[in-house]
Amino acid sequence: MEAKLTIQERLKDLRVAHELTLEQLAAGTGLSRSALGNYENDEFKDISPFAITTLAKFYSVSADYLLGLTENKNPANAELQ
C-alpha cells in the first residue's frame, strides 16, 4: 500500500515542480509568503477554503487533489476555470 501525501507535501511538491520560490508563488497567487510557508510546514493544519481554491486554480489541479481526497490531479469529470 502506497502512503498518501499530506496536503503540506502536495503543496510543496507542486511548488517545487513548477520551480517557484515562496516569493514567486505569493506574487502569482496574492497569498502571503508567510502563509504559504506555513501551509507547507508539517505542523500547520489550518488552511482556509479560499487558499485551497486559489492554489488549486493557480496549479490547475482539483481542490480534491490538494486535500488528498483523490490521487488524480485533474479528474476526468472536473472542469477547472
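**A walk through the helices and their shared core**

Let's start in the middle: the largest nonpolar core of this predicted model has 19 residues, and Leu36, Tyr39, Leu55, Tyr59, Val61 and Leu66 have the most contacts inside it. Five helices each supply at least two residues of this core: H1 (7-17), H2, H3 (33-40), H4 (49-59) and H5. Helix H4 gives the most, with five residues. As background, nonpolar side chains tend to be buried together in soluble globular proteins.

How far can you trust the picture? The protein chain averages a pLDDT of 87, and 88% of the residues score at least 70. Among the helices, confidence is highest in H2 (residues 22-29), at a mean of 97, and lowest in H5 (residues 63-67), at 91. Where pLDDT is low, the predicted coordinates should not be read in detail.

Now follow helix H4. Its buried residues are Ala51, Ile52, Thr54, Leu55, Ala56 and Tyr59, and they pack against H1, H2, H3 and H5. It may help to recall that an α-helix has 3.6 residues a turn, so residues three or four places apart point the same way.

Tyr59 deserves a closer look. Setting aside its neighbours within four places in sequence, tyrosine 59 is in contact with Leu11, Leu14, Arg15, His18, Leu20 and Leu25. Just after H4 comes serine 60, which has a positive phi, near 60°.

Next, turn to the way H4 meets H2. The two helices pack at an angle of about 100°, and their axes are 10 Å apart. Because angles of 65 to 115 degrees count as roughly perpendicular, H2 is roughly perpendicular to H4. On the H2 side the contact is made by Leu25, Gly28 and Thr29, while H4 brings Thr54, Leu55, Phe58 and Tyr59. These residues divide into four nonpolar, three polar and no charged.

Finally, move to helix H1, where you will find glutamine 8. Is this residue buried or exposed? Glutamine 8 has a relative accessibility of 8%, and because buried means under 20%, it counts as buried. Which residues does glutamine 8 touch? Not counting residues up to four places away in sequence, the list is Tyr39, Glu40, Asn41, Asp42, Phe44 and Lys45. Tyr39 also appeared at the start of this tour, as one of the residues with the most contacts inside the largest nonpolar core.

Notes:
Residues numbered from 1 in each chain as written. Predicted model: local features only at pLDDT ≥ 70, side-chain atom pairs only at ≥ 80, totals over all residues. Heavy atoms only, no water. pLDDT = per-residue confidence, 0-100. Helix = DSSP H or I, 4+ residues; strand = E, 2+ residues; numbered from the N terminus. Core = buried A, V, L, I, M, F, W, Y, C linked by side-chain atoms within 4.5 Å. Buried < 20%, exposed > 50% of the residue type's maximum accessible area, 1.4 Å probe, protein only. Contact = heavy atoms within 4.5 Å. Axes fitted to C-alpha atoms, helices over the stretch in contact; angles between N-to-C directions. Parallel < 35°, antiparallel > 145°, perpendicular 65-115°, else oblique. Nonpolar A, V, L, I, M, F, W, Y, C, P; charged D, E, K, R; others polar.
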